[in-house]
Amino acid sequence: MKSSILAAAFGALALGVAFSGSAQAADVSACLITKTDTNPFFVKMKEGAEAKAKEIGVTLKAYAGKVDGDSESQVAAIETCIADGAKGILIAASDTKGIVPAVKKARDAGLLVIALDTPLEPIDAADSTFATDNLLAGKLIGQWAAATLGDAAKDAKVAFLDLTPSQPSVDVMRDQGFMMGFGIDPKDPNKIGDEDDARIVGHDVTNGNEEGGRTAMENLLQKDPEINVVHTINEPAAAGAYEALKAVGREKDVLIVSVDGGCPGVKNVQDGIIGATSQQYPLMMAALGVEAIKKFADTGEKPKPTEGKTFFDTGVALVTDKPAAGVESIDVKTGMDKCWG
């Protein structure tokens, strides 16, 4: 099964830099809109899009929000892309519901819109979605945490370090997936915070960065200083949580799990800061997205989802050097070979 994971894995406006390919294809233009231009995940996504655009002759313009959650800048970027005559847009949306009217405007203007990493709500608001199976990513770290704790899982005290108050779909799926994997009833799987399992200490938001992770962890430790399991939306938030735990001498007896698989995050798994992380592949998402826009411009054909799913699955693998029985994983060395950022 390990080989099947790897096969699946590899089978205001911040930036306005254009990358042009061959002169004869200069009329094919595309836009990449990410949540930020600082998170390593989106940095790698941009690199993948730029490299593929140059390779196949697509003019790419890249935009980003000022911070994770800055939907206004993303809406403005969509308007700019429409006005510029782009053939398609790749977007990792900060507000997966709020962005839908702007996306509809783009599609009505004839642009192909592909959601990257974060499905819109509803998912068919975009023409296609290229993403990690974020529910599975959450389940893997939940299963690993439960198996690692063993009998102690039934008395765990779990903190959830989520993304933003708007609960974008990627946030919900990772959060609820963790619960399913850990053995917590998520109640409504489309909503964060309606659960009634006594093991949940609480939820706080991080904006997906280290400072936010540290503050959220501090807040939840005030609610219960005996937290011993921490689910984090991503690895920057996990790094911040670790610093908050270290400040109170708890860094060695709390299990932190996360999702991303960036090189700094995998190194943190190696160093024991994070117990396990679910690795995703942003460079591939973006490169495939640029290819899809070029194909759409040339032929009018839209991309199709992975069989049996509502999106094109770009793969996920659990990375840990402490494998747990019954939970599929790869080791840190393999994770470092595949990491990004």
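# Exercises on a predicted model

Both faces of strand 4 (residues 88-91) are covered, with G88 and L90 buried on one side and I89 and I91 buried on the other. Keep that picture in mind: this is a predicted model, and the exercises below walk through its chain piece by piece.

## Exercise 1: The neighbours of strand 4

Task: Work out which strands pair with strand 4, and in which sense.

Solution:
- Step 1. Start with strand 2 (residues 29-34). Strand 2 and strand 4 pair in the parallel sense, over four bridges.
- Step 2. Pin that pairing to a residue pair: I33 has I91 of strand 4 as its bridge partner.
- Step 3. Now turn to strand 5 (residues 112-116). Four bridges join strand 5 to strand 4, and the two run parallel.
- Step 4. Find a residue pair here too: G88 stands opposite L112 in strand 5.
- Step 5. Put the pieces together. Strand 4 pairs with strand 2 and with strand 5, and I91, the bridge partner of I33, is one of the buried residues of strand 4.

A handy bit of background: strands of a sheet pair through backbone hydrogen bonds, either parallel or antiparallel.

## Exercise 2: The whole chain at a glance

Task: Describe the make-up, compactness and surface of the chain.

Solution:
- Step 1. Count the elements: the chain has eleven helices and 13 strands.
- Step 2. Check the compactness. The radius of gyration is 20 Å, close to the 20 Å from the globule rule for 341 residues, so the chain is as compact as a globular protein of that length.
- Step 3. Look at the extent. The C-alpha trace spans about 60 × 40 × 35 Å along its principal axes.
- Step 4. Ask how much is tucked away: 56% of the 341 residues count as buried.
- Step 5. Look at the surface. Its accessible area is about 13600 Å², and 52% of that belongs to carbon and sulfur atoms.
- Step 6. Tally the charges. There are 34 positive and 49 negative side chains, and the centres of these two sets lie 3 Å apart.

## Exercise 3: Walking across the six-stranded sheet

Task: Follow the strand order of the open sheet of six strands, and find its edges.

Solution:
- Step 1. Write down the order: 8-7-9-10-11-13, with mixed pairing.
- Step 2. Find the edges. They are strand 8 (200-205) and strand 13 (317-319), each pairing on one side only.
- Step 3. Check the twist: neighbouring strands in this sheet are turned by 15 degrees against each other on average, ignoring direction.
- Step 4. Step inwards from strand 8. Strand 7 (residues 158-162) runs parallel to strand 8 and is joined to it by five bridges. Among the residue pairs, L161 has D204 of strand 8 as its bridge partner, and F160 has H203.
- Step 5. Carry on to strand 9 (residues 229-232). Four bridges join strand 7 to strand 9, again in parallel, and A159 has V230 as its partner there.
- Step 6. Move on to strand 10 (residues 255-260), which runs parallel to strand 9 and is joined to it by three bridges. Here V229 stands opposite L255.

## Exercise 4: Are the faces buried or exposed?

Task: Decide whether the faces of strands 7 and 9 are buried or exposed.

Solution:
- Step 1. Recall the cut-off: buried means under 20% relative accessible area.
- Step 2. Sort strand 7 by direction. V158, F160 and D162 point one way, A159 and L161 point the other way, and all are buried.
- Step 3. Draw the conclusion: five of the five residues of strand 7 are buried, so this strand is largely enclosed by the rest of the structure.
- Step 4. Do it again for strand 9. V229 and H231 on one side, and V230 and T232 on the other, are all buried, so both faces are covered.

## Exercise 5: Three buried residues away from the strands

Task: Place P282, G262 and N268, and find how buried each one is.

Solution:
- Step 1. P282 sits in helix 10 (residues 282-299) and is buried, at 0% relative accessible area. P282 and A131 are 151 residues apart in sequence, yet 8.2 Å apart in space, C-alpha to C-alpha.
- Step 2. G262 is in the loop between strand 10 and helix 9 (263-270). G262 is buried too, at 1%. Its C-alpha atom is 20 Å from that of G177, 85 residues away along the chain.
- Step 3. N268 lies in helix 9, and its relative accessibility of 16% counts as buried. The C-alpha atoms of N268 and P225 are 23 Å apart, with their positions 43 residues apart along the chain.

Methods:
Residues are numbered from 1 along each chain as its sequence is written. This is a predicted model: local features need pLDDT of at least 70, side-chain atom pairs count only at pLDDT 80 or more; totals for chains, interfaces and linings use all residues. Side-chain values use heavy atoms; hydrogens and water are left out. The radius of gyration is taken over C-alpha atoms; the globule rule is 2.2 Å times the number of residues to the power 0.38. Buried means under 20% relative accessible area, exposed over 50%, partly exposed in between (1.4 Å probe, protein chains only). Accessible areas come from the Shrake-Rupley method with a 1.4 Å probe; for residues, only the protein chains shown count as cover. Lys and Arg count as positive and Asp and Glu as negative; His and the chain ends are not counted. The place of a charge is taken as NZ of Lys, CZ of Arg, CG of Asp or CD of Glu. Two strands pair if DSSP finds at least two bridges between them. Axes are lines fitted to C-alpha atoms, for helices over the stretch in contact, and angles run from 0 to 180 degrees between N-to-C directions.
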